[in-house]
Amino acid sequence: MSQEVTEDRLDTIFQLQKGLSEMMKPDRYPKDSEGRVSALCTAIMHEAVELQRTTNWKWWKTPTKFNESEAREELIDIWHFVVQASLELNLTPDDIVDEYKKKNEINRERQRNGY
């Protein structure tokens, strides 16, 4: 009986992002960690606006058919920058799961207490 070894998906995403970032030319990328995190925040916000533009948020405009494929692409762009920011902050996939669990419990407690 063989046991298939499967790689953690978040680890895979982090490895792919590390490989991509190593391919990029760093001449325009900020040299310090704080500057890089700030630049990544800006990129995340702009990608979030691009994602929002795939929706019919303009109540004054005639709605169009929602393009889920385009929305997914914009969401993945956000993921790229979020993972890169995680790398900049030296967060591992395990760290992210741990931090997510902590914050999730805080949010659940807030909901239980009428936040």
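## The largest pocket

In this predicted model, two helices, α1 (9-23) and α3 (68-88), each put at least two residues into the lining of the largest pocket. The top contributor is α3, which gives the most to that lining, with 5 residues. As for size, the largest pocket comes out at a volume of about 460 Å³. Its lining runs to 15 residues, and the ones closest to the centre are Ser 21, Met 24, Lys 25, Tyr 29 and Gln 84.

What about the chemistry of the wall? The lining of the largest pocket splits into 8 nonpolar, 4 polar and 3 charged residues.

## The second largest pocket

Next up is the second largest pocket, with a volume of about 300 Å³. Here 14 residues do the lining, and Trp 79, Val 82, Val 83, Ser 86 and Ile 96 sit closest to the centre. Three helices are involved this time: α1, α3 and α4 (93-112) each supply at least two residues of the lining. Once again α3 turns up as the main source, giving the most to the lining of the second largest pocket, with 7 residues.

Sorted by class, the lining of the second largest pocket has 12 nonpolar residues, 1 polar and 1 charged.

## Asn 67, ahead of α3

Now for the loops on either side of α3. Asn 67 belongs to the loop between α2 (33-52) and α3. Is Asn 67 buried, partly exposed or exposed? Its relative accessible area is 35%, so Asn 67 counts as partly exposed, since that label covers values between 20% and 50%.

The side chain of Asn 67 has a couple of backbone partners to look at. One of its polar atoms lies 2.9 Å from the backbone nitrogen of Glu 70, and the backbone nitrogen of Ser 69 is 3.2 Å from a polar atom of that side chain. For a longer-range view, take Asp 32: Asn 67 and Asp 32 are 35 residues apart in sequence, and their C-alpha atoms are 38 Å apart in space.

## Asn 90, between α3 and α4

On to the other loop, the one between α3 and α4, where you'll find Asn 90. What is unexpected about the backbone of Asn 90, given that it is not a glycine? Its phi is positive, at about 55 degrees.

Asn 90 has a relative accessibility of 65%, so it counts as exposed, the cut-off for that class being over 50%. Asn 67, in the loop between α2 and α3, is partly exposed at 35%.

Key: Residues are numbered from 1 along each chain as its sequence is written. This is a predicted model: local features need pLDDT of at least 70, side-chain atom pairs count only at pLDDT 80 or more; totals for chains, interfaces and linings use all residues. Side-chain values use heavy atoms; hydrogens and water are left out. On a 1 Å grid over the protein atoms alone, a cavity is a set of points where a 1.4 Å probe fits but cannot get out, and a pocket is an open set with protein on both sides within 12 Å along at least five of seven lines; lining residues have an atom within 4 Å of a point. Grid points are joined across faces, edges and corners, and a volume is the space filled by probe spheres set on the points. Helices (H or I, at least four residues) and strands (E, at least two) are DSSP runs, numbered from the N terminus. Ala, Val, Leu, Ile, Met, Phe, Trp, Tyr, Cys and Pro count as nonpolar, Asp, Glu, Lys and Arg as charged, and the others, Gly among them, as polar. Buried means under 20% relative accessible area, exposed over 50%, partly exposed in between (1.4 Å probe, protein chains only). A polar contact is a pair of N or O atoms within 3.5 Å; within protein, one must be able to donate a hydrogen and the other to accept it, and residues adjacent in sequence count only if both atoms are side-chain atoms.
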